[in-house]
Amino acid sequence: SLPSSRRSEAKAGRTDLIFLIRFRHCCLLRNQRCLLAYLYDRLLRIRALRWEYGSVLPNAIQFHMSAEEVEWFNRYKKSLATYMRSVGGEEGLDLTQDIKPPKSLYIEVRCLRDHGEFEVDDGTTILLKKNSQHFLPRWKCEHLIRQGVLEHVLS
Amino acid sequence: QEANLKRAKRGDLKVSVHHMEIERIRFVLSSYLRCRLVKIEKFFPHILEKEKSRAEGEPSILSPEEFAFAKEYMANTEAYLKNVALKHMPPNLQKVSLLKSVPKPNLDSFVFLRVLERQENILVEPETDEQREYAINLEEGSQHLIRYRTVAPLVASGAVQLI
C-alpha cells in the first residue's frame with residue numbers, strides 16, 4: 001500500500017477517472033443489453049417459424065440465419081418434439097395443429113390433385129379429381145388437407 | 001327401407017357429433033398445453049428458479065416433461081447467447097443474469113375470480129398512501145376483481161377459480 005502522501009495524490013488523480021470509468025462501464029452495459037435484446041428477438045422470430053411454418057425451414061429463410069441460429073432452431077424443435085410425444089397417449093399430441101377452434105362439421109374443399117375415390121359416411125364414394133369441389137365432413141378431410149391433396153375453401 | 005335410412009342417418013349423426021366432440025376436446029387440450037409452453041418460454045429463468053427453491057413436500061407447478069422442456073430451453077438459449085455474443089465481450093461483461101434481464105410475471109395484475117370455498121378475513125393491501133389495509137370476506141359463489149398477489153395461495157389451493 002502507498003504512503004499517505006502518495007495515496008492522497010493518487011486519489012486526487014483517480015477521482016477524475018472514476019466518473020469516466022463509470023460512464024464507460026454504463027455504455028458497455030447498455031451495448032451489451034442492446035445486443036442481447038437484438039439477438040434474443042431474432043430467436044423469438046425463429047421460434048415463431050417453427051409454430052407458424054413447420055419443422056423444415058425453406059432455404060430462403062435459412063439463408064438469413066447464422067449457423068448458431070440454425071443450431072438453436074434444431075435444438076428447439078427437438079425439445080418441442082420430445083415434449084409433444086410425451087403428451088396424450090402413444091403417438092403424442094401435435095400441438096402445432098388445431099390452432100383455431102373447430103367451427104363447422106362440414107367444410108367446402110377443393111381438390112388440388114387427383115386422389116381417386118373417397119368414401120363418405122353413408123357409403124357413397126366421391127371421385128377426388130383435380131379442381132373438383134366438395135362439401136365434406138371436416139374430420140374426414142383434415143389429414144388430406146394437411147397432405148396438400150385438398151384445400152379448404154373459405155368463401 | 002325408411003327405417004333403415006333413419007337408423008343409418010341417426011348413426012351417421014352420432015358419429016359426426018362424436019367426431020366434432022373429439023375435435024373440440026383436442027383443440028381445448030392443445031390450446032391449454034400451448035398456453036403453458038408459451039408461459040414457460042416467456043418466464044423461463046423465473047420458473048426454473050421457483051422450481052429450484054421448491055420445498056420438499058410442495059407440488060411442482062410443472063409436469064416432469066415441462067420441466068425438462070424448460071431446462072432445455074434455458075440451456076439452448078444460454079449457450080447461444082454465450083457463443084454468439086458474450087464470449088467476445090470484455091472479461092467482466094461475459095456473464096449476464098437471465099434472472100435479472102428477463103421480465104418477471106406481474107403478480108400484481110388484476111384478475112377476475114369466482115369463489116368456490118368461503119374465505120374469511122382476506123387482507124387487502126392499500127392502493128394509495130391514504131388507505132390502510134383492510135380485511136374482506138369472500139362469499140361462496142361471489143365474483144371479484146382483485147390483485148393476483150392477494151389471492152395467489154387461494155388459487156393454488158383451489159378455494160377460488162380464476163375466470
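These legends describe close-up views of a predicted model with chains A and B.

**View 1. W72(A) and Y73(B) pair their rings across the two chains.** The ring centres of W72(A) and Y73(B) lie 6.0 Å apart, and the planes meet at 75 degrees, so the pair is edge-to-face. An angle over 60 degrees earns that label. W72(A) sits in helix α3 of chain A, residues 67-86. Y73(B) sits in helix α3 of chain B, residues 64-84. W72(A) has 1% relative accessibility and therefore counts as buried. Y73(B) is buried as well, at 3% relative accessibility. The cut-off for buried is under 20%.

**View 2. Y83(A) and F69(B) form a tilted aromatic pair.** The centres of these two rings are 6.0 Å apart, with 50 degrees between the planes. This pair also crosses between chains, running from helix α3 of chain A to helix α3 of chain B. How buried or exposed are the partners, Y83(A) and F69(B)? Y83(A) has 4% relative accessibility, so it counts as buried. F69(B) has 2%, so it is buried too.

**View 3. Ring pairs build a cluster from residues of chains A and B.** Chain A contributes W72(A), Y76(A) and Y83(A). Chain B contributes F44(B), F69(B) and Y73(B). Over all chains, the structure holds six aromatic pairs. A pair of aromatic rings is described by the distance of the centres and the angle of the planes.

**View 4. Chain A and chain B meet in an interface that buries about 3,500 Å².** Carbon and sulfur atoms account for 67% of that area. The contact takes 39 residues from chain A and 34 residues from chain B. Which three residues supply more of the area that chain B buries against chain A than any other three? They are R34(B), N76(B) and Y80(B), with 18%.

**View 5. One salt bridge links chain B and chain A.** R47(A) pairs with E41(B) in a salt bridge. Their closest N and O atoms are 2.4 Å apart. Nine residue pairs are in polar contact across the interface, counting pairs with both residues at pLDDT 80 or more.

**View 6. Helices α1 and α3 of chain B each supply at least two residues of its side facing chain A.** Helix α1(B) spans residues 2-42. The largest share of the side of chain B that touches chain A comes from α1(B), with 16 residues. How many residues of that side are nonpolar, polar and charged? The side holds 18 nonpolar, six polar and 10 charged residues.

**View 7. E66(B) is a buried residue of helix α3 in chain B.** E66(B) has 2% relative accessibility, so it falls in the buried class. Which residue does the side chain of E66(B) join through a polar contact of 2.6 Å? The partner is the side chain of R36(B). Beyond its neighbours within four places in sequence, E66(B) is in contact with R36(B), I40(B) and I61(B). Y83(A), from the other chain, is in contact with E66(B) too.

**View 8. N131(A) and N121(B) have positive phi values.** Most residues other than glycine have a negative phi, and most peptide bonds are trans. For N131(A), phi is about 75 degrees. N131(A) belongs to the loop between β3 (125-128) and β4 (133-137) of chain A. At 56% relative accessibility, N131(A) is exposed. For N121(B), phi is near 55 degrees. N121(B) is placed in strand β2 of chain B, residues 119-124. Its relative accessibility is 56%, so N121(B) counts as exposed. The cut-off for exposed is over 50%.

**View 9. I136(B) lies in strand β3 of chain B, residues 134-138.** The relative accessibility of I136(B) is 22%, so it counts as partly exposed. How far apart in space are the C-alpha atoms of I136(B) and V124(B), which are 12 residues apart in sequence? They are 7.3 Å apart. Leaving aside neighbours within four places in sequence, I136(B) is in contact with E120(B), N121(B), I122(B), V124(B) and I146(B). One of these contacts, N121(B), is a positive-phi residue.

Definitions and conventions. Residues numbered from 1 in each chain as written. Chains lettered and ligands numbered in written order. Predicted model: local features only at pLDDT ≥ 70, side-chain atom pairs only at ≥ 80, totals over all residues. Heavy atoms only, no water. Phe/Tyr/Trp six-rings, centres within 6.5 Å; stacked < 30°, edge-to-face > 60°. Helix = DSSP H or I, 4+ residues; strand = E, 2+ residues; numbered from the N terminus. Buried < 20%, exposed > 50% of the residue type's maximum accessible area, 1.4 Å probe, protein only. Contact = heavy atoms within 4.5 Å. Buried area = accessible area lost by both parts, 1.4 Å probe. Salt bridge = Lys/Arg side-chain N within 4 Å of Asp/Glu carboxyl O. Polar contact = N/O pair within 3.5 Å; in protein donor to acceptor, adjacent residues only side chain to side chain. Nonpolar A, V, L, I, M, F, W, Y, C, P; charged D, E, K, R; others polar.
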